[in-house]
Amino acid sequence: MTVVLLISGSTRAASTNSAALRTVSAVAPAGVEAVWYDGLADLPAFNPDDDGTAHPSVVALREHLSRADTVLFCTPEYAGTLPGSLKNLLDWTVGAGDLHDKPVAWITVAVPGRGDGATATLRSVLGYVGADIVSDACLRLPVLREDVGPDGLIAGAEFRSGAVDVLRELVRHAESATS
């Protein structure tokens, strides 16, 4: 069983990014356990003096990351870059090396021409922390608000097919890295 940790960069309740990851979880093929990380808004502001902190939300983040074989992000773009809350989460991973050599990817749900600042920054930060960026699993699968159903999931076949492709590529990469 490959564990894929799903991290949304949005704290918005009706986020299309979170809907995308909930859909990824719903379509996960056999052999994939998609685990939702829901502590983004609970993390304290990163302070290097507290990097060894026992703050419960930081401990929970690190436990999630240590159990995960791979990590899949989906984030909005705010002011041309990552939302501060996601950058804060990533800052907490630097000192402990939580993402070092861990296969990671992202799904971009923004329409073409939008979201590129966030993905560029995400690529830069993940590269800095030594994550193993699985470029073949980083896809743009645009989602409009009206694509999200009342159940909070995306029903579109193109999105769902792309989500399964992302998961399969992450699993393939994770399995080849451990063999």
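A pocket is an open set of grid points with protein on both sides within 12 Å along at least five of seven lines. In this predicted model, the largest pocket holds about 430 Å³ of space. Its lining is made up of 18 residues. Closest to the centre are Thr16, Asn17, Pro76, Ala110 and Arg145. By class, the lining comprises seven nonpolar, seven polar and four charged residues.

Thr16, one of the residues closest to the centre of the largest pocket, belongs to helix 1, which covers residues 16-26. Thr16 is buried, because its relative accessible area is 11% and the limit for burial is under 20%. Beyond residues up to four places away in sequence, Thr16 touches Val109, Val143, Leu144, Arg145 and Val148. Arg145 therefore appears twice: Arg145 touches Thr16, and Arg145 is also among the residues closest to the centre of the largest pocket.

The second largest pocket holds about 160 Å³ of space. A total of 13 residues line this pocket. Ser10, Thr11, Ser18, Trp36 and Asp38 lie nearest its centre. Helix 1 and strand 2 are the elements that give two or more residues to this lining. The lining divides into five nonpolar, five polar and three charged residues.

Helix 1 also contains Thr23. Thr23 is buried, with a relative accessible area of 0%. Leaving aside neighbours within four places in sequence, the contacts of Thr23 are Leu153, Ile154, Phe159 and Arg160.

The interior was examined next. The largest nonpolar core has 55 residues. Within this core, Leu72, Phe73, Leu90 and Leu126 have the most contacts. Helix 5, residues 157-178, supplies the largest share of the core, with seven residues.

Leu90 also has a place in helix 3, which spans residues 84-94. Apart from neighbours within four places in sequence, Leu90 is in contact with Phe73, Leu82, Leu99, Leu122, Val125 and Leu126. Two of these partners, Phe73 and Leu126, are themselves listed with Leu90 among the core residues with the most contacts. The buried residues of helix 3 are Leu86, Asn88, Leu89, Leu90, Trp92 and Thr93. They pack against strand 1 (2-8), strand 2 (32-37) and strand 3 (70-74). They also pack against helix 2 (56-67) and helix 4 (116-128). An α-helix has 3.6 residues a turn, so residues three or four places apart point the same way. In helix 3, Leu86, Leu89 and Trp92 are among the buried positions.

Helix 5 also includes Asp165. Asp165 is partly exposed, at 43% relative accessibility. Asp165 and Thr178 are 13 residues apart along the chain, and 20 Å separates their C-alpha atoms.

The count of disulfides comes to zero. Cys74 is in no disulfide, and the nearest cysteine sulfur, that of Cys138, is 11 Å away. A disulfide requires the two sulfur atoms to lie within 2.5 Å, so a pair at 11 Å does not qualify. Both cysteines are nevertheless buried: Cys74 has a relative accessible area of 0%, and Cys138 has one of 16%. Cys138 is likewise in no disulfide, its nearest cysteine sulfur being that of Cys74.

Backbone angles came last. Most residues other than glycine have a negative phi, and most peptide bonds are trans. Ala79 has a positive phi, near 55°. Ala79 lies in the loop between strand 3 and helix 3. Ala79 is exposed, because its relative accessible area of 86% is over the 50% limit. Asp101 also has a positive phi, of about 65°, although Asp101 is not a glycine. The position of Asp101 is in the loop between helix 3 and strand 4 (103-108). At 54% relative accessibility, Asp101 counts as exposed.

Conventions
Residues numbered from 1 in each chain as written. Predicted model: local features only at pLDDT ≥ 70, side-chain atom pairs only at ≥ 80, totals over all residues. Heavy atoms only, no water. Buried < 20%, exposed > 50% of the residue type's maximum accessible area, 1.4 Å probe, protein only. Helix = DSSP H or I, 4+ residues; strand = E, 2+ residues; numbered from the N terminus. Contact = heavy atoms within 4.5 Å. Core = buried A, V, L, I, M, F, W, Y, C linked by side-chain atoms within 4.5 Å. 1 Å grid on protein atoms, 1.4 Å probe; cavity = no way out; pocket = protein on both sides within 12 Å on 5 of 7 lines; lining within 4 Å. Points joined across faces, edges and corners; volume = space filled by probe spheres on them. Nonpolar A, V, L, I, M, F, W, Y, C, P; charged D, E, K, R; others polar.
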